[in-house]
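Visitor: Could you take me through one part of this model up close? I'd like the aromatic pairs, with the cut-offs spelled out as you go.

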Amino acid sequence: MNIAQKLIKSHLVHGDMTPGGEIAIRIDQTLTQDSTGTMAYLQFEAMGIDRVKTKRSVAYIDHNMLQSGSENADDHKYIRTVAAKHGIWFSRPGNGICHQVQLERFSVPGQTLLGSDSHTPTCGAAGMLAIGAGGLDVAVAMGGGAYYLAMPRVCRVYLTGELNKMVAAKDVILELLRRMSVKGGVGKIIEYAGPGVKTLSVPERATIANMGAELGATTTVFPSDERTYEFLAARGREADWSPLCADADAVYDEEVEIDLSSLHPMAAQHHSPDNVAPVAEIAGIKVDQVCIGSCTNSSFCDLMRVAGILDGRHVAPDVSLTISPGSRQVLKALAMNGALAKLVAAGARVLECACGPCIGMGQAPATNAVSLRTFNRNFYGRSGTPSASVYLVSPETAAVSAVTGVLTDPETYGAEPPYDVPERFTIDDGMLIAPPADGGGIEVVRGPNIKPFPRASAPAGTLSGEALIKLGDNITTDHIMPSNAKLLPFRSNVPFLANFCLAPCDEGFAARALEKGGGFIVAGENYGQGSSREHAALAPLYLGVKAVLAKSFARIHRANLMNNGILPLEFTDDADYDAACEGCSVEIEDAPAQIAAAAEGAPVVVKINGRPAGMKLDITPRQRDILLAGGLLNYTREHRED
């Protein structure tokens, strides 16, 4: 077997491992962050379970860090108290980005991790089966429930050679995105193999695994080998290591080969991570802002390379450079060895250990600015400035360009500065709070901004209404439910957030949906790509959206729609999509019967302006029951075993 199959088989509780068939796996660990966590814990509380049943669950505060009002601080207090009550570890504000801290402190080769963040696959760098999901799926896993998914196909990426100087792991995943696109990994696990793997450190593997989410992949896995042991041992966690590799005769569904020594620095141009070109071909563009950090490129190794490039140099006069260390451990190590002083001396603005600019939480570029970022996404408007041109690049490209003031190929700039990695990092887990053995007496504190979340009801009779909007391809969750510094504080207030649903596409959508009493959304391919944010399903639910009619869906968003009782219907004939328009009538007669029949392979007949269109609702018997119950929360309460 390959690594992915070994990990799945060792955790399989339902189904067989036939690609496309439904399976269920046991979850060892979960993580949440504060942008998605408040809703996940409200849902967990609604299940009536006293204490989590995983080996470890961790609640991180890393997204909503700007406290310009009481809302974020109130949510943090809620998460801290609900975590203590129910047996969940709590990572305090300032301790770091969830994926970086989870990798450093809690990753265990061979275990499973489910996180309410799409970049949870970062821990695949350490040989984990780490999957991003909606908050409700994570809440169910915390309660001891299995995680259900379609058995992915496994794509082996075979690495040969070794990266040249000033070429980075970021360039590896950008090259794969260039070849496969943001849809190329849908329904797949990306598994790395070959002699080139051993040349990559775990932080480098983490960069690649992290951005596997941009391929649409279910997750990414690397072997657990001597490099994995070195990483864990340097953090005092030798006991957590175990070897994990593919069998010599392992079979894969697909294969891609990359010669690392043939790669050169790459950049993803606006507004998509797969709009990739060699830096050498687009060099010379004037740069206004450079942001280094995020869960993709904020490790000790990343920032040591940046410090080496900036040492003795200064940021160009008209460039703003920000640095966001990935964790307190990284920041402390940089402070102890003098690298932090080099960054400050060069003119960098050092931000706290958090997501920050990556999620639009501050550092919005100027109007029409060019921003180079070492982040994972450059979707339209995500930076906070719709007119900005955001490029995704490696830390090396970012640092060199910050000095020159223009997009610069780092291979033309000089030798890569050497740096040392400590054999042992100084470990300080003082900002990781373990839960008490008994949380029964703890009071959960709820701020006034926390509102009840919308709940779906079981479908009854005919679903009818208007097509409230017609959208094109690759609509992201940033389009559906924008994430920025103004809106993030209201993640626990869906009635308020719903006013901004699909605003980047049509500012009048929410008002129209409320006026019409709900209706339907029509969209193209890959609807819902990007973040795992469940709010992109909760806001439409609040607005009365009954179904989304699309050419295809991104994995996590499709699951989130069903979890909240919204039908994800797929066009089987492009002509029906072409014929649909905003304002046209949509009708699904006898919806419960059609949903039940869809689980047996029958099409769902949808009348669009009175004309029947046969659509696909690709569901299993379990998903049928979830939809007929009015969502996963209702289903779980009905089937919970105390």
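Guide: Here is a walk through the aromatic pairs, with a little about the whole chain first. Keep in mind that this is a predicted model, where local features need pLDDT of at least 70, side-chain atom pairs count only at pLDDT 80 or more, and totals for chains, interfaces and linings use all residues. Residues are numbered from 1 along each chain as its sequence is written, and side-chain values use heavy atoms, with hydrogens and water left out.

The backdrop, then. The chain has 22 helices and 27 strands; these are DSSP runs numbered from the N terminus, with at least four residues for helices (H or I) and at least two for strands (E). Its C-alpha atoms fill a box of roughly 70 × 55 × 55 Å along the principal axes. Of the 642 residues, 61% are buried, where buried means under 20% relative accessible area, exposed means over 50%, and partly exposed is in between (1.4 Å probe, protein chains only).

Now the rings. A pair of aromatic rings is described by the distance of the centres and the angle of the planes. The structure holds 8 aromatic pairs. For that count, rings of Phe, Tyr and Trp (its six-membered ring) pair if their centres lie within 6.5 Å; planes under 30 degrees apart are stacked, over 60 edge-to-face, and the rest tilted.

One of these pairs is Tyr229 with Trp241, which is edge-to-face, at 5.4 Å centre to centre and 80 degrees between the planes. This pair links distant parts of the chain: Tyr229 sits in helix H8 (residues 226-233), while Trp241, 12 residues apart from it, is in the loop between H8 and strand S12 (254-259). As for accessibility, Tyr229 counts as partly exposed because its relative accessibility is 36%. Trp241 has a relative accessible area of 28%, so that residue is partly exposed too.

Phe496 and Phe500 make another pair, and this one is tilted: 5.5 Å centre to centre, with 55 degrees between the planes. Phe496 comes in at 31% relative accessibility, which means partly exposed. Phe500 is also partly exposed, because its relative accessible area is 30%. Add Phe490 to Phe496 and Phe500 and you have one aromatic cluster.

So much for the close-up: an edge-to-face pair in Tyr229 and Trp241, and a tilted one in Phe496 and Phe500.
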